Structure formats: structure tokens, C-alpha cells
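The following exercises concern the architecture of a single protein chain. Each task is followed by a solution that proceeds in steps.

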Amino acid sequence: MGVTAAIPDEWSPTQLSGDRSRGHFRVVGPRGHQFDVRWEQTPTSLTVERALDRYLAELGKLARRRKLSLMVKRRVRALEGSRRDPSLQTYTWQADQTAVGAAWRCDVCGRLVIAEVVGDPSTLELPARALIAGVTDHPEGGWTVWALYGLVAPAPDSFRLERQSLMTGHQQFTLSNGAEKILVDRWGLADLVLRSTTLPDWFRDREGTRFAPFRARVTPAEHYGHTAFRWDGELPIAGRLSRGVKALTRLQQPMTRISGLLWHCPNSNRIYAVFGEHRGNACNVFDVADRMRCHPQGAAA
Ligand SMILES: [Zn+2]
Ligand SMILES: [Zn+2]
């Protein structure tokens, strides 16, 4: 969706909705702080100031309905200059909770973004400044960086988030561009998981059904200095027919091939997999894997 944020590790995403033109995500911090980012592609005739007026008026209405009064102040010194966007406006509101936030319109992508942190007023401004500064409202160089729960996966712009699953031990994104699908997975506690099995065996046991119709060839590879395994699979003719029939009913060509990379990062004690379904061109799959950094640079084993 093109809007991402740099979130400290101990913060967790709890909500994500929308698409490129309009959406919202929320992450929750360790001390009960909550960070909300909303974006919308709006006509440039709507100034940031007026958009912010509307947003705050809406909050005022909600507060009144709950018999609360909403105090609003524009311009928060601690947030001034937190972004280079010339349209930046900062604000704070207070009802039963307190928030500090900023709104801006990006000159490049035209999106209007409102980002705010709600929480204990005495510890709000410092994290708010860093969080607001870390919001990226458009992808750079034709790639969108998907980042949730510390799992960072850059993908070509044409891909959209189709599904996400975020559990403590396993995080997954499913990205799709309509024709191809890319699944990005991360598992924790790799040392435990791999104590009595090999990486490809563990993966087959765990995720075999996901790729069941594909006949795969597994070859050793390397990724970012780690031992990795490359998978290349094709649908057998029979499977191709049944998938073909299903796909035809949706007026699509079936995806007949699978490619992927599976690797173990001992530095972060994690297992990563990037797999794609496609019709013969696996470029996107390996491009995504190539751009994924499983552990901080400079700390390579
Ligand atoms: Zn932008
Ligand atoms: Zn690594």
C-alpha cells in the first residue's frame, strides 16, 4: 500500500486496513502507547489545514457523544521539523486520553497523512517525534517496503497485500499483483526447531500441503551468507488441468510454477521463506528474497 513506518521492535501492529489510496494502520507500544497512521489520496484543493480541521471536528463529535470535551491545540513544538514535508502541521488533543500528532501532504505521491500517538502525556512527545519521522508515505524506486512486526519485505509496486498473519512464532505476508503471488514467511526459535531435523525436511513437514500439487526440485543455495535452499516446482499435467479449470472460471491463466528460497539466519535465530507462484518467470520471487535483510548489516557471521 506504499505507506510504511519504522517501528521499534517492542511495538506490535494490531490493525491494518485499506489500500494505496486510503487506509489506516495501528501499532501498540509497550507502555500502552498507540500509534495510528491514516492516509488518503485527496484532491490537492483540500489543504492539510482543512483536512486536519475536519479530522479534529470529527473527534470532537465523537467526544461529545461520550459527554467528554475535546481540547485541541495546533502546533506542538516538540514535533515541529519532525518531517521535511513543507505542509507539515502538528497538533495535540486531549479528552479522556491525550494525543500528539502531525498531518502532511506528500509532494511526491500527493497522499495526505495523519499520524498520531495516543498515551501517557508525560512520555508522549519523544516516541511521537521518532514514529512520525519514520513514516514513509510512498515507495522508493518502484518498490514498496512491507514492514510489520519486524518482518521487512520489499516487493515491486505492482504487488498488494492480500493477507497477513502475525503470530508470535510465525509471521506471514501474502502479496499479489493479480497474476503472481508471493508469500513471505518468518519463524522464530530456529535453533529449537532445527535441533533434530534439517531445514528442508522441517519445511516440507510443516508447509508441504501449501505446495502439494507442485513437484519441486530442491537445490542448495546461499543467501546473505547463510545456508539456503532454492525450490523450483512445476505442476504435473493432471494438476495443471484441474487448476486450469478453476482458473478459467475466473478468466485467468493458471499459475503453473512455484519458486522460492528458504534459509536459516543464525544471527537472528530465525527461518525465512520467500515463495512465489507464477507462470514461468520467477524474477519477482528472487528479487524480493535478494532485498530481504534477515539480520542487521555489519553483524554478519
Ligand atoms: Zn509520498
Ligand atoms: Zn541473517
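The exercises below begin with the whole chain and then turn to its domains, sheets and cores; the model is a predicted one.

**Exercise 1. Overall description**

Task: State how many helices and strands the protein has, and what percentage of its residues count as buried.

Solution.
Step 1. The secondary structure consists of six helices and 18 strands.
Step 2. The protein has 301 residues, and 32% of them count as buried.
Step 3. Along the principal axes, the C-alpha atoms occupy a box of roughly 65 × 45 × 35 Å.
Step 4. Among contacts with a separation of 6 or more, 47% join residues 24 or more positions apart.

**Exercise 2. Domains and their contact**

Task: Identify the domains into which the protein is divided, and describe the side of domain 1 that touches domain 2.

Solution.
Step 1. The assignment gives domain 1 as residues 4-136 and domain 2 as residues 143-291.
Step 2. The C-alpha centres of domain 1 and domain 2 are 34 Å apart.
Step 3. Six residues from domain 1 and nine residues from domain 2 take part in the contact.
Step 4. On the side of domain 1, strand E2 gives the most, namely three residues.
Step 5. Sorted by class, that side of domain 1 comprises two nonpolar, two polar and two charged residues.

**Exercise 3. The sheet that contains E6**

Task: Give the strand order of the open sheet that includes E6, and determine which strands stand at its edges.

Solution.
Step 1. Seven strands form this open sheet in the order E2-E3-E4-E8-E7-E6-E5, with antiparallel pairing.
Step 2. E2 (12-18) and E5 each have a single partner strand and stand at the edges, so one side of each lacks a neighbour in the sheet.
Step 3. On average, neighbouring strands of this sheet are turned by 15° against each other, direction ignored.
Step 4. Helix H1 (residues 48-65) packs on the sheet, where it touches E5, E6, E7 and strand E8 (111-118); the direction of H1 makes about 10° with that of E6.
Step 5. Helix H2 (residues 125-133) also packs on the sheet, touching strand E4 (34-41), E7 and E8, and the direction of H2 makes about 155° with that of E8.

**Exercise 4. Strand E6 and its partners**

Task: Explain why strand E6 is largely enclosed by the rest of the structure, and locate the bridge partners of methionine 71 and arginine 74.

Solution.
Step 1. A residue is buried if 20 or more other C-beta atoms lie within 10 Å of its own.
Step 2. Five of the six residues of E6 (residues 89-94) are buried, and the strand is therefore largely enclosed by the rest of the structure.
Step 3. Strand E5 (residues 71-74) pairs with E6 in the antiparallel sense over four bridges.
Step 4. Methionine 71 has glutamine 94 in E6 as its bridge partner, while arginine 74 has tyrosine 91.
Step 5. E6 also pairs with strand E7 (residues 98-105), in the antiparallel sense and over six bridges.
Step 6. In that pairing, tyrosine 91 stands opposite glycine 101 in E7.
Step 7. E6 and E7 form a hairpin, with three residues between them.

**Exercise 5. The sheet that contains E17**

Task: Determine the strand order of the open sheet that includes E17, and state at what angle helix H4 runs to E17.

Solution.
Step 1. This open sheet has seven strands in the order E12-E13-E14-E18-E17-E16-E15, with antiparallel pairing.
Step 2. Strand E12 (160-166) and strand E15 (215-223) are the edge strands, each pairing on one side only.
Step 3. The average turn between neighbouring strands of this sheet is 15°, direction ignored.
Step 4. E16 and E17 are joined in the antiparallel sense by seven bridges, and arginine 230 stands opposite leucine 261 in E17.
Step 5. Helix H4 (residues 199-207) lies across E15, E16, E17 and E18 and runs at about 125° to E17.
Step 6. Helix H6 packs on the sheet, touching E14, E15, E17 and E18; the direction of H6 makes about 160° with that of E18.

**Exercise 6. Nonpolar cores**

Task: Describe the largest nonpolar core, and list the contacts of leucine 262 beyond its neighbours within four places in sequence.

Solution.
Step 1. The largest nonpolar core contains 33 residues; Leu262, Tyr272 and Val288 are among those with the most contacts inside it.
Step 2. Elements that each supply at least two residues of this core include strand E11 (151-156), strand E14 (181-187) and helix H6 (283-291).
Step 3. Neighbours within four places aside, leucine 262 is in contact with Leu199, Pro200, Phe203, Ala228, Phe229, Trp231 and Ala273.
Step 4. A second, separate core has 30 residues, including Val37, Leu52, Val117 and Ile132.

Technical notes: Residues are numbered from 1 along each chain as its sequence is written. Chains are lettered from A and ligands numbered from 1 in the order in which they are written. This is a predicted model: local features need pLDDT of at least 70, side-chain atom pairs count only at pLDDT 80 or more; totals for chains, interfaces and linings use all residues. A residue is buried if 20 or more other C-beta atoms lie within 10 Å of its own, exposed if 12 or fewer, and partly exposed in between; C-beta atoms are placed from the backbone. Two strands pair if DSSP finds at least two bridges between them. A nonpolar core is a set of buried Ala, Val, Leu, Ile, Met, Phe, Trp, Tyr and Cys residues joined through C-beta atoms within 7 Å. Two residues are in contact if their C-beta atoms, placed from the backbone, lie within 7 Å. Axes are lines fitted to C-alpha atoms, for helices over the stretch in contact, and angles run from 0 to 180 degrees between N-to-C directions. Domain bounds come from an automatic or database domain assignment. Ala, Val, Leu, Ile, Met, Phe, Trp, Tyr, Cys and Pro count as nonpolar, Asp, Glu, Lys and Arg as charged, and the others, Gly among them, as polar.
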